[in-house]
Amino acid sequence: MTPRYNKTRNRRLGAVLSLGASVVLSGCLALAPGPKDTPRPTPRPEKPIYTPSVEAQALTKYYADLEQDLLTRGLLRTDGGGPETPYDAEDLAENFETLAFYDEYATASDGGAGGLGRWEQPVRLVPVFGPSVSAAQAKRDRATLAAYAARLARITGHPVTVGASGNFTVIFAGIDDADYVESKVRQLLPNLSPSDVALFATPPRKFYCLVFAGGPQRDPLNYSRGVALIRAEQSELMRDSCIHEEIAQGLGLRNDSPRARPSIFNDDDEFARLTSHDEKLLQILYDSRLRVAMSADEARPTVARIAQEIMGDLSL
């Protein structure tokens with residue numbers, strides 16, 4: 001909402017400009033004498049050029065070296081999987097249960113599997129950029145996010161769009177933007193614990209990106225708010241990888257599993273972008289035969305049937 005004060009100020013400014021125009025015209029017609037020298041307006045201070053801190057420069061080098069190492073080892077693949085990564089309907093159903101019903105950061109005391117979580121309302125992604133992010137990088141990442149949102153909408157059949165306002169904020173920011181990130185996260189997630197706010201503002205370098213998504217306390221599995229952080233010091237491919245994984249996890253595939261392959265939902269960095277296997281997982285997640293808060297036991301027969309349909313194997 002635009003503050004009333006700004007609206008009032010704009011109306012007054014318009015009136016002053018109109019009055020000024022008429023004065024100038026009247027002066028020209030009357031040929032009234034004017035001052036010898038027209039006073040010049042005070043120049044506006046130029047926006048200072050951002051200079052990365054020592055910490056930001058070190059992180060940029062660290063992530064560049066890390067990416068090169070991963071690529072050298074044949075990781076961060078962008079092909080989406082092939083004959084060497086086979087999977088069938090049973091694999092797909094088992095992987096879905098692990099990724100959709102278990103929480104990556106749950107403890108043993110949490111009791112294992114939880115309920116199915118996903119968005120029932122449209123997902124409206126909002127990219128925002130820390131002060132350290134260049135205009136060129138912001139333009140590129142915004143376009144990447146928009147293309148990915150369109151792909152997710154096609155896969156799931158669920159509305160996923162990008163705009164200037166929404167319910168799922170994607171923050172692109174570097175370590176020099178810690179104050180900006182902290183302020184933004186406190187605004188978006190006022191009930192988040194101080195430790196989790198600090199994790200967003202100054203994450204350890206082993207966290208390339210992170211995401212929070214969920215619903216209100218009375219209905220936490222009916223997602224209504226998401227916030228993701230993409231570290232800006234990373235190269236384009238690693239930022240793409242973060243966009244793909246964090247947004248998809250924020251849609252409801254909240255866990256990782258070393259058995260999921262070919263997939264971005266594990267910690268081995270084999271694939272950089274959403275694979276054909278991952279697309280099928282998202283299809284299952286947003287199938288209308290499933291419902292929010294279903295238990296793994298309740299969903300298992302339906303998930304198996306959907307997986308068979310997707311794989312074209314109805315003999316199981």
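**Group meeting: a buried arginine, a nonpolar core and two helices**

I would like to begin with Arg231, which is buried and yet has no salt bridge, the nearest side chain of opposite charge being that of Glu233, 4.1 Å away. Since a salt bridge here requires a side-chain nitrogen within 4 Å of a carboxyl oxygen, and the separation is 4.1 Å, I would read this absence with some care, especially as what we are looking at is a predicted model. Arg231 sits in strand β7, and, if we set aside residues up to four places away in sequence, Arg231 touches Leu59, Tyr63, Ala173, Ile175, Pro203, Pro204, Arg205, Phe207, Tyr208 and Arg239.

Let me step back to the whole chain for a moment. The protein chain has nine helices and seven strands, and buried residues account for 41% of its 316 residues. Of the contacts with a separation of 6 or more, 72% are between residues 24 or more positions apart.

Now to the core. In soluble globular proteins, nonpolar side chains tend to be buried together. In this model the largest nonpolar core has 52 residues, and the members that touch the most other members are Phe96, Leu125, Val170, Ile247, Leu253, Leu274 and Leu290. Helices and strands both contribute, with at least two residues coming from each of α3 (89–101), β2 (123–129), α4 (135–156), β4 (168–173), β7 (225–231), α7 (236–250), α8 (276–285) and α9 (296–311). Which of these supplies the largest share? That is α3, with seven residues. Apart from this core there lies another, of 14 residues, which includes Val128, Ile171, Leu192 and Val197.

Staying with α3, its buried residues are Ala89, Leu92, Ala93, Asn95, Phe96, Glu97, Leu99, Ala100 and Phe101, and they pack against α8 and α9. Phe96, which I named a moment ago, touches Phe101, Leu116, Leu253, Leu281, Ile284, Leu285, Leu290 and Val303, again not counting residues up to four places away in sequence. At the N-terminal end, α3 is capped by Asp88, whose side chain places an oxygen 3.1 Å from the backbone nitrogen of Glu90. As a check on the geometry, the 13 residues of α3 should span 18 Å at 1.5 Å a residue, and because the end C-alpha atoms are 18 Å apart, the expectation and the model agree.

The same check can be made for α7, where 15 residues should span 21 Å and the end C-alpha atoms are indeed 21 Å apart. This helix is mostly covered, with 14 of its 15 residues buried. One residue of α7 worth a look is His244, which is buried at a relative accessible area of 6%. Leaving aside neighbours within four places in sequence, His244 is in contact with Tyr148, Arg151, Ile264, Ala272, Arg273 and Leu274.

Just after α7 comes Gly252, with a positive phi of about 140°, in the loop between α7 and α8. Is Gly252 buried or exposed? It counts as buried, because its relative accessible area is 0%. Beyond its neighbours within four places in sequence, Gly252 is in contact with Leu99, Ala100, Gly117, Tyr223 and Leu285. Its C-alpha atom is separated by 8.1 Å from that of Ala213, a residue 39 positions away along the chain.

I will finish with the backbone. Most residues other than glycine have a negative phi, and most peptide bonds are trans. Against that background, three places deserve inspection in the viewer:

- The peptide bond from Arg261 to Pro262 is cis, with omega near 0°, and Pro262 lies in the loop between α7 and α8.
- Asp269, in the loop between α7 and α8, has a positive phi of about 60° although it is not a glycine, and at 22% relative accessibility Asp269 counts as partly exposed.
- Leu76, in the loop between α2 (54–72) and α3, likewise is not a glycine but has a positive phi, of about 55°; at 5% relative accessibility, Leu76 counts as buried.

Note on methods:
Residues are numbered from 1 along each chain as its sequence is written. This is a predicted model: local features need pLDDT of at least 70, side-chain atom pairs count only at pLDDT 80 or more; totals for chains, interfaces and linings use all residues. Side-chain values use heavy atoms; hydrogens and water are left out. A nonpolar core is a set of buried Ala, Val, Leu, Ile, Met, Phe, Trp, Tyr and Cys residues joined through side-chain atoms within 4.5 Å. Buried means under 20% relative accessible area, exposed over 50%, partly exposed in between (1.4 Å probe, protein chains only). Helices (H or I, at least four residues) and strands (E, at least two) are DSSP runs, numbered from the N terminus. Contact means heavy atoms within 4.5 Å. The expected span of a helix is 1.5 Å times one less than its number of residues. A polar contact is a pair of N or O atoms within 3.5 Å; within protein, one must be able to donate a hydrogen and the other to accept it, and residues adjacent in sequence count only if both atoms are side-chain atoms. Lys and Arg count as positive and Asp and Glu as negative; His and the chain ends are not counted.
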